[in-house]
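Subject: Handing over the model

Hi there,

Here is the structure I promised to pass on to you. Have a look at it first, and then read on for my notes.

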Amino acid sequence: MGRTSVILADDDVLLREGLASLLTRADFDVVAQANDGRELVELVAAHEPELVVVDIRMPPTHTTEGLDAAREIREAHPHIGILVLSAHVEVEHAMELLAGGERIGYLLKTRVAAVDEFVDALERVVAGGTVVDSGLVQELVAARRVTDPLEVLTSREREVLALMAEGRSNSGIARLLWVTEGTVEKHVHSILGKLRLPSAEDDHRRVLAVVAFLESQ
């Protein structure tokens with residue numbers, strides 16, 4: 001099996017080069033690098049990579065250029081995985097991104113330092129999954145704490161829900177919580193029932209259902 005092709009986009013050259021070095025060591029094939037959103041879109045059209053990693057804020061205005069490029073790439077190349085990196089939790093931008101379907105991820109730049117977890121997140125996006133930063137999940141829950149839509153859940157179910165929203169599989173949740181996979185399956189079934197969310201095998205659809213629920217309350 002060949003190495004996963006990836007294009008990086010960030011106007012911080014040192015960060016971009018460091019990320020390229022990290023991914024090369026993790027057996028990814030960095031086929032190109034971009035300094036801004038327009039260059040990224042052109043490079044993606046030329047190389048058709050399997051994955052794009054893009055900063056949400058890039059020249060010239062450092063507002064939503066990365067997000068705009070991600071949206072354009074998703075429309076033209078829906079098969080390409082996209083991971084957006086952000087210096088801060090930006091709920092509105094993140095929710096707009098995650099509504100774009102599968103092979104999508106949103107992570108804080110601080111997560112890059114945890115190399116194994118970062119590489120795992122990239123692999124999950126390429127495989128068709130959705131990756132959501134735990135900081136975003138916490139922000140969504142905290143913002144709605146006054147009228148808590150999750151009050152019907154037990155504390156353990158809340159833990160499982162948060163990990164589900166990060167894109168973890170049942171087996172991954174079981175390892176993190178030191179319980180059996182069967183126990184996690186029971187918690188997930190209970191959560192989906194209490195929140196009236198449809199049960200589904202697909203991890204991506206499950207994550208979007210959870211995030212959509214949090215957003216709608």
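Leu51 stands opposite Gly81 in β4; helices and strands here are DSSP runs (H or I of at least four residues for helices, E of at least two for strands), numbered from the N terminus. β3 and β4 run parallel and are joined by five bridges, where two strands pair if DSSP finds at least two bridges between them. Between these two strands the chain passes through α3, in a β-α-β crossover that is right-handed: with the strands pointing away from the viewer, the path from the first strand over the helix to the second runs clockwise.

Before going further, please note that this is a predicted model, in which local features need pLDDT of at least 70 and side-chain atom pairs count only at pLDDT 80 or more, while totals for chains, interfaces and linings use all residues. Residues are numbered from 1 along each chain as its sequence is written, and side-chain values use heavy atoms, with hydrogens and water left out.

Back to β3. Five of its five residues are buried, so β3 is largely enclosed by the rest of the structure; buried means under 20% relative accessible area, exposed over 50%, and partly exposed in between, with a 1.4 Å probe and protein chains only. Leu51, Val53 and Asp55 point one way, Val52 and Val54 the other, and all are buried. β3 also runs parallel to β1, with four bridges joining the two, and Leu8 has Val53 as its bridge partner in β3.

The wider sheet is worth a look next. It is open and has six strands, in the order β2-β1-β3-β4-β5-β6, with parallel pairing. β2 (28–34) and β6 are at the edges with a single partner strand each, so one side of each is left without a neighbour in the sheet. From one strand to the next, the twist averages 20°; axes are lines fitted to C-alpha atoms, for helices over the stretch in contact, and angles run from 0 to 180 degrees between N-to-C directions.

On to β5 (residues 104–108), which is mostly covered, with five of its five residues buried. Ile104, Tyr106 and Leu108 are on one side and Gly105 and Leu107 on the other, and both faces are covered. β5 pairs with β4 (residues 81–86) in the parallel sense over five bridges, and with β6 (residues 130–132), also in the parallel sense, over three bridges. Tyr106 turns up in both pairings: Tyr106 is the bridge partner of Val84 in β5, and Val132 is the bridge partner of Tyr106 in β6. Here is the part I would like you to see: the chain crosses from β5 through α5 (residues 115–126) to β6, and this β-α-β crossover is left-handed. In β6, Gly105 has Val131 as its bridge partner.

Which strands do the two crossover helices lie across? α3 (residues 65–76) lies across β3 (51–55), β4 and β5, at about 175° to β4. α5 lies across β1 (4–9), β2, β3, β4, β5 and β6, at about 145° to β4.

I also looked at a spot around Asp10, which sits in the loop between β1 and α1. Asp10 counts as buried because its relative accessible area is 5%. Its side chain reaches the backbone nitrogen of Asp12 at 2.8 Å. Leaving aside neighbours within four places in sequence, Asp10 is in contact (heavy atoms within 4.5 Å) with Leu15, Arg16, Ala34, Asn35, Asp55, Met58 and Lys109. Leu15 itself belongs to α1 (residues 13–25) and, at 33% relative accessibility, counts as partly exposed. Not counting residues up to four places away in sequence, Leu15 touches Asp10 and Lys109. Leu15 and Lys109 are 94 residues apart in sequence, with 9.9 Å between their C-alpha atoms.

Finally, some totals. The protein chain has 10 helices and six strands, and 50% of its 217 residues are buried. Of its contacts with a separation of 6 or more, 65% are between residues 24 or more positions apart. About 10600 Å² is exposed, with carbon and sulfur atoms supplying 51% of it; accessible areas come from the Shrake-Rupley method with a 1.4 Å probe, and for residues only the protein chains shown count as cover.

Best wishes

Conventions
Polar contact = N/O pair within 3.5 Å; in protein donor to acceptor, adjacent residues only side chain to side chain.
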